[in-house]
Amino acid sequence: MPITDTYYAFPIDRQMYPVFKGKNHKHWTEAARRHGFTLIGRAVDRLHVVLECKNCGDATLKRISVVLGHNPECGNCIRKRREAAAAKVGATLLGPDPKGDRHYGTYQLKCGHVDRRQHERVEDAAAGGHALSCETCTTEQHATEAAEHGWTLIGPAARNDQSYRQYEHECGHKQDVSVGNMRAGDVNCAGCGETWTSKPSKIYLLSFMLPNVPVIKLGYSNNPTFRLRQVQLDPSETHGNLDREIDVETGHDAICLEKAMHRYIKTHRPDLIVERVHFDEHLRTTSEIYHERGRALILALIDAADNGWNPNQTDNWQQFTSLRDTDS
Ligand SMILES: [Zn+2]
Ligand SMILES: [Zn+2]
Ligand SMILES: [Zn+2]
């Protein structure tokens with residue numbers, strides 16, 4: 001009996017299937033209706049039926065046991081939902097997973113790279129307004145950041161720590177460094193002994209908008225532009241800006257200057273210090289955040305440093321700012 005040479009005249013889940021002759025039991029029809037489908041007929045073998053989705057109008061093949069027992073879903077509706085989620089994060093669902101895992105699909109990401117992704121992760125990203133990160137792009141970024149400081153990205157770290165990678169220094173020595181430290185250039189080479197404290201650095205002034213309150217950050221880094229990007233959790237919200245930077249001969253000098261400035265503010269203007277609870281959720285830093293009204297004082301301190309003030313020799317920084325005043 002019952003498998004026939006007759007095929008359904010329309011695609012079912014994008015394929016053509018043969019009709020299976022047999023009775024459509026009433027309780028099947030009712031179960032299908034409860035789940036949002038119309039039972040059209042039987043197909044393939046005695047275990048399968050064809051359902052029409054009331055939502056999208058497409059036909060789907062289901063096992064009878066699924067129709068009766070579980071929660072049958074329309075493959076076409078699921079695909080449309082996944083395509084919409086992908087589009088929301090700038091990606092495109094290209095097809096099924098090449099490795100055959102039904103939880104995964106092949107996606108083209110916003111950057112153009114193609115990779116397999118878990119469908120659920122894509123939908124979560126779309127729902128949460130997150131971007132899909134691309135491993136290829138991230139690796140390229142880490143390599144670029146390392147190159148700025150004379151290092152080459154080699155690959156995964158020897159140690160079991162996701163935040164570390166292995167890098168090779170210009171001298172040929174290889175070692176593990178955390179991605180964050182490499183980005184900031186805060187790295188000492190165990191091979192040739194080059195330390196970041198002996199390399200040129202900068203003192204910077206950054207400004208941010210916290211909810212309802214503008215703040216500034218005084219600090220040192222050999223790359224304030226990177227630091228600016230790195231310190232903000234959501235730049236579209238905090239609108240950070242690099243307001244001032246001055247060159248300092250070595251990282252060691254930069255630390256001394258920066259510490260002297262913070263010490264001065266703490267002693268003479270403690271009212272300028274912003275408590276951590278106010279910026280904790282917006283900035284990746286633990287201190288060094290001041291109220292915007294301290295800008296004039298802090299710029300004067302930076303000027304003094306730029307004019308040769310050495311906190312190891314004198315606390316009197318004011319005489320170094322007057323030099324600049326007479327200049328201009
Ligand atoms: Zn559907
Ligand atoms: Zn990419
Ligand atoms: Zn080295």
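Reader: Which residues coordinate the zinc ion (ligand 3)?

Author: In this predicted model, the zinc ion (ligand 3) is held by His169 (ND1), Cys171 (SG), Cys189 (SG) and Cys192 (SG) at 2.0 to 2.4 Å. These count as donors because they are N or S atoms within 2.8 Å of the metal (3.2 Å for Na, K and Ca). Water is not among the atoms, so sites may look incomplete.

Reader: What makes the arrangement around the zinc ion (ligand 3) tetrahedral?

Author: The four donor atoms subtend angles of 104 to 114 degrees. Four donors are called tetrahedral if all angles lie between 85 and 135 degrees, so this site is tetrahedral.

Reader: Why does Cys171 count as partly exposed?

Author: Buried means under 20% relative accessible area, exposed over 50%, and partly exposed in between (1.4 Å probe, protein chains only). Cys171 has 42% relative accessibility, so it is partly exposed. Cys192, with 44%, is partly exposed too.

Reader: Is Cys74 buried or exposed, and how do you know?

Author: Its relative accessibility is 6%, so Cys74 counts as buried. Cys74 (SG) is one of the donors of the zinc ion (ligand 1), together with Cys53 (SG), Cys56 (SG) and Cys77 (SG), at 2.2 to 2.3 Å. Around that ion the angles are 103 to 117 degrees, which makes the arrangement tetrahedral.

Reader: What are the donors of the zinc ion (ligand 2), and how are they spaced along the chain?

Author: They are Cys111 (SG), His113 (ND1), Cys134 (SG) and Cys137 (SG), lying 2.0 to 2.3 Å from the ion. Their spacing is C-x1-H-x20-C-x2-C. His113 lies in the loop between β7 (104-108) and β8 (114-118) and Cys137 in helix α5 (residues 135-147), so the pair ties together parts 24 residues apart in sequence. Helices (H or I, at least four residues) and strands (E, at least two) are DSSP runs, numbered from the N terminus.

Reader: Which residues of α9 and α11 meet?

Author: Leu257, Met261, Tyr264 and Ile265 in α9 meet Leu297, Ile298, Leu301, Ile302 and Ala305 in α11, where contact means heavy atoms within 4.5 Å.

Reader: How are the residues and ligands labelled, and what was counted?

Author: Residues are numbered from 1 along each chain as its sequence is written, while chains are lettered from A and ligands numbered from 1 in the order in which they are written. Local features need pLDDT of at least 70, side-chain atom pairs count only at pLDDT 80 or more, totals for chains, interfaces and linings use all residues, and side-chain values use heavy atoms, with hydrogens and water left out.

How values were computed: Tetrahedral: all angles 85-135°; square planar, octahedral: opposite > 155°, others 65-115°.
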